[in-house]
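Welcome, and please bring up your viewer with side chains switched on. We will take this one selection at a time.

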Amino acid sequence: MSLKYAVLAALLEGESSGYDLAKVFDVSVGNFWSATPQQLYRELERLDGEGLIEARVVQQERRPNKRMFTLTDTGRRALHAFAAEPPRPTAIRDELLVKIQAMDGGDPDATRALLEERVTWSRGKLAGYERQRERLLAGRDEEAFLRDAERVGPYLTLMRGRAFEEENLRWCERALEILARRETSPYPAAYTSST
């Protein structure tokens, strides 16, 4: 998938400036598709050139003029066609897992530090997801929101992001527990060199 469809999906929220889109992208779409602000601005230009979005200039007195982007009918059709296509299977590419795969015979303190860093990162990500969830629900319970909200796609992707990070956290905590047990066993095979 290209950034193109992630940007089109983000514009379903309504008209947005590039700056506002970058903020929305970071909070919502960024949960499952990352991009830098520079990549977003380049993609907006490309999509405008393809007629999938259109831009209008908003005059501002004390600030530079800004461009506001909206989906065109062509963009909506392209997004709907994309949404109906079967996705490619997810492939995990996680550098931490390569490091864990290679840890035997290495430094157990370094391995623990990597896992603890990921635990901290996952907890921070989950806290951010919780803030986003509260913002989306806006005082409603989940069932009422899912039944009555105009759009549920952002909430469903948020649910997936939360589940993903919760599993990352469970796995890291379990891995740390295993490493601690191995360290206290009389002969931790992973950390002794063969003679």
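Start by selecting Glu167: with a relative accessible area of 40%, Glu167 is partly exposed (buried means under 20% relative accessible area, exposed over 50%, partly exposed in between, with a 1.4 Å probe and protein chains only). Before going further, note that this is a predicted model, where local features need pLDDT of at least 70, side-chain atom pairs count only at pLDDT 80 or more, and totals for chains, interfaces and linings use all residues. Residues are numbered from 1 along each chain as its sequence is written, and side-chain values use heavy atoms, with hydrogens and water left out.

Now add Arg170. Its side chain meets that of Glu167 in a salt bridge at 3.2 Å, N to O (a side-chain nitrogen of Lys or Arg within 4 Å of a carboxyl oxygen of Asp or Glu). Both residues lie in helix 8, three residues apart, about one turn of the helix (helices are DSSP runs of H or I, at least four residues, and strands are runs of E, at least two, numbered from the N terminus). Arg170 is partly exposed too, at 47%.

Stay on helix 8 and select Glu177 and Arg181, which are four residues apart. Here the salt bridge is 3.2 Å, N to O. Glu177 has 39% relative accessibility and Arg181 has 45%.

Next, show helix 6 (residues 108-137) alongside helix 8 (residues 153-184): they pack at an angle of about 155°, with their axes 9 Å apart (axes are lines fitted to C-alpha atoms over the stretch in contact, and angles run from 0 to 180 degrees between N-to-C directions). Helix 6 is therefore roughly antiparallel to helix 8, a label for angles over 145 degrees. The residues of their contact divide into 17 nonpolar, five polar and 12 charged.

On helix 6, pick Glu130 and Arg133, whose side chains form a salt bridge of 3.7 Å, N to O. Add Glu142 and Arg162 to see a network of salt bridges linking these four residues. By this rule the count comes to 19 salt bridges.

Finally, which residues touch the most other members of the largest nonpolar core? Select Val7, Leu8, Leu11, Phe25, Leu44 and Ile53, out of 20 residues in that core (buried Ala, Val, Leu, Ile, Met, Phe, Trp, Tyr and Cys residues joined through side-chain atoms within 4.5 Å). Helix 1 gives the most to this core, with six residues. Then look for a second, separate core of 18 residues, including Val119, Phe145, Leu176 and Leu179.

Terms used:
Parallel < 35°, antiparallel > 145°, perpendicular 65-115°, else oblique. Nonpolar A, V, L, I, M, F, W, Y, C, P; charged D, E, K, R; others polar.
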